[in-house]
Amino acid sequence: MWRAFLNTLKVKELRNRLLFTALIIVLVRFASTIPCPGVDPAALAKYMDGVTKSAESSGGLMAMIDLFSGGALAHFALGALGIMPYITASIIMQLLVPVLPQLEKMQREGESGRQKISQYTRYLTILVCLVQGVMVAMAMVNPDKLGLPVPSEPLFTGNLTVFVCVTVVVITCTTMVFTWLGEQITERGIGNGVSLIITINIVSRLPHAIIELVEMAMKGVTPDGGTFRPVQLLLLLLVFCAVTAATILLSQGYRRVPIQMVRKTVGRQMMGGSTYMPLKVNFANVMPIIFAGAILMLPQSLFQYMAGKSGGIWMTLAQGFRHDGPGYTITYGVLILAFSFFWVANQFNPLQIADNLKKEGAYIPGIKPGQATADFLDGAMTRITAGGAVFLLALALFPMFLYNNFRIPFMVAQFFGGTSLLIMVGVVLDTMSQLESHLTMRHYDGFLKSGRLRSRSGN
């Protein structure tokens, strides 16, 4: 493997791509440390330190948002929103394509249609940035409206209207620049640029989590006063390796459906024969976790707001929907299962696949072409999705299990499953797959002596 990394530096094109990617990553991380205009850095650092270390649900939520922004939220930096608005807009567009005939027609037009959809996605990204930007700016002005503690001193200086307007413009422009930089990485660098930026933001918090774990082992206590011995640190490392291995299996696992193609002569070549169709175990990837987490932000904030007005049952619901509450955990699990099937039903079209196979003269052995093939694929995908959804649910709830039962800090527990680990594993495998392709094309040894890396698309 080390020889493969050295080989990447011997290929001029590959070396330039790696250097270009590294330069963009440095720029993104630099933008995550520059505070927005009008913010008092000292007051904000003191306030965010108390919020992220709080055991309340708002603390867990703020810690999660800060994780995906690579610490930019804690500094209220230019990249406070990161590139997540673009991800949100992309998900919305993917869901709308099968629903709106105009978008579906554009997708079938080929490259020109995909460019139009990409342009609409950018417009939608600006809209999402404006909405989220106003919410983030108002959170700095009135944190109590979002269920957050009231700061002991003002977090911003100057006129309120000017502060909100400037903040929205600055973080919106930064997000759009991040989006453009991500596209440049995809075109001129290595890996998927947008996914790589998110991964780098997550990985940037890993040293802080490791330091926190080591300090706990040396002091022998957790932040809430529980005991923590060095042997527990070793056990956590073993658990991390096991969970990472399970995540790789979930990301790479698929079922091979045999396909027989009618042999025919094209020019001087004989086409056809036996092949297979890969049906991914985790077809929805990380989307169900993202959807479930986004939806559960709403009832949590609503119940806290109503509890502050009248108390009573709203206070009970607010307590139950804390980040470590039973209501939150149960609802979170149900939503992950539901969205796993919803995403497959929305993105996987067995009728279209069966029709394409029939047009190409291909068929599944033992299954009649047409409707019978569609029914077979639908049933097979449903069974595969059921197993993958349960596996995904266990992976998503494991960080909560560590946080609730062993009082592992929220920032540390996030690396033991859930969205963070899925994104990191998927992006690393995808990037290594591209590096492997570049090396083998130039007759260099790849990262594996036997077998090969598969991209997340299953190709």
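I take a residue as buried when its relative accessible area is under 20%. The model I consulted is a predicted one.

**Entry 1, T175.** I looked up T175 and found it in helix α8, which covers residues 160-188. Its relative accessibility is 2%, so I record T175 as buried. I then asked which residues T175 is in contact with, leaving aside its neighbours within four places in sequence. I noted L81, G82, P85, T125 and C129. For G82 I also noted a polar pairing: its backbone oxygen lies 3.2 Å from a polar atom of the T175 side chain.

**Entry 2, cysteines.** C129 appeared in the contact list of T175, and I therefore turned to the cysteines, since a disulfide is a covalent bond between the sulfur atoms of two cysteines. How many disulfides does the structure hold? I found 0. For C129, the nearest cysteine sulfur belongs to C173, at 9.2 Å. From the side of C173, the nearest cysteine sulfur is that of C129, and C173 is likewise in no disulfide. The cut-off for a disulfide is a sulfur pair within 2.5 Å.

I next asked whether C129 is buried or exposed. At 0% relative accessibility, C129 counts as buried. C173, at 45%, counts as partly exposed.

**Entry 3, F415.** I located F415 in the loop between α17 (410-413) and α18 (418-441). With 3% relative accessibility, F415 is entered as buried. I also looked up its separation from T244: the two residues are 171 apart in sequence, and their C-alpha atoms are 9.4 Å apart in space.

Note on methods: Residues numbered from 1 in each chain as written. Predicted model: local features only at pLDDT ≥ 70, side-chain atom pairs only at ≥ 80, totals over all residues. Heavy atoms only, no water. Buried < 20%, exposed > 50% of the residue type's maximum accessible area, 1.4 Å probe, protein only. Helix = DSSP H or I, 4+ residues; strand = E, 2+ residues; numbered from the N terminus. Polar contact = N/O pair within 3.5 Å; in protein donor to acceptor, adjacent residues only side chain to side chain. Contact = heavy atoms within 4.5 Å.
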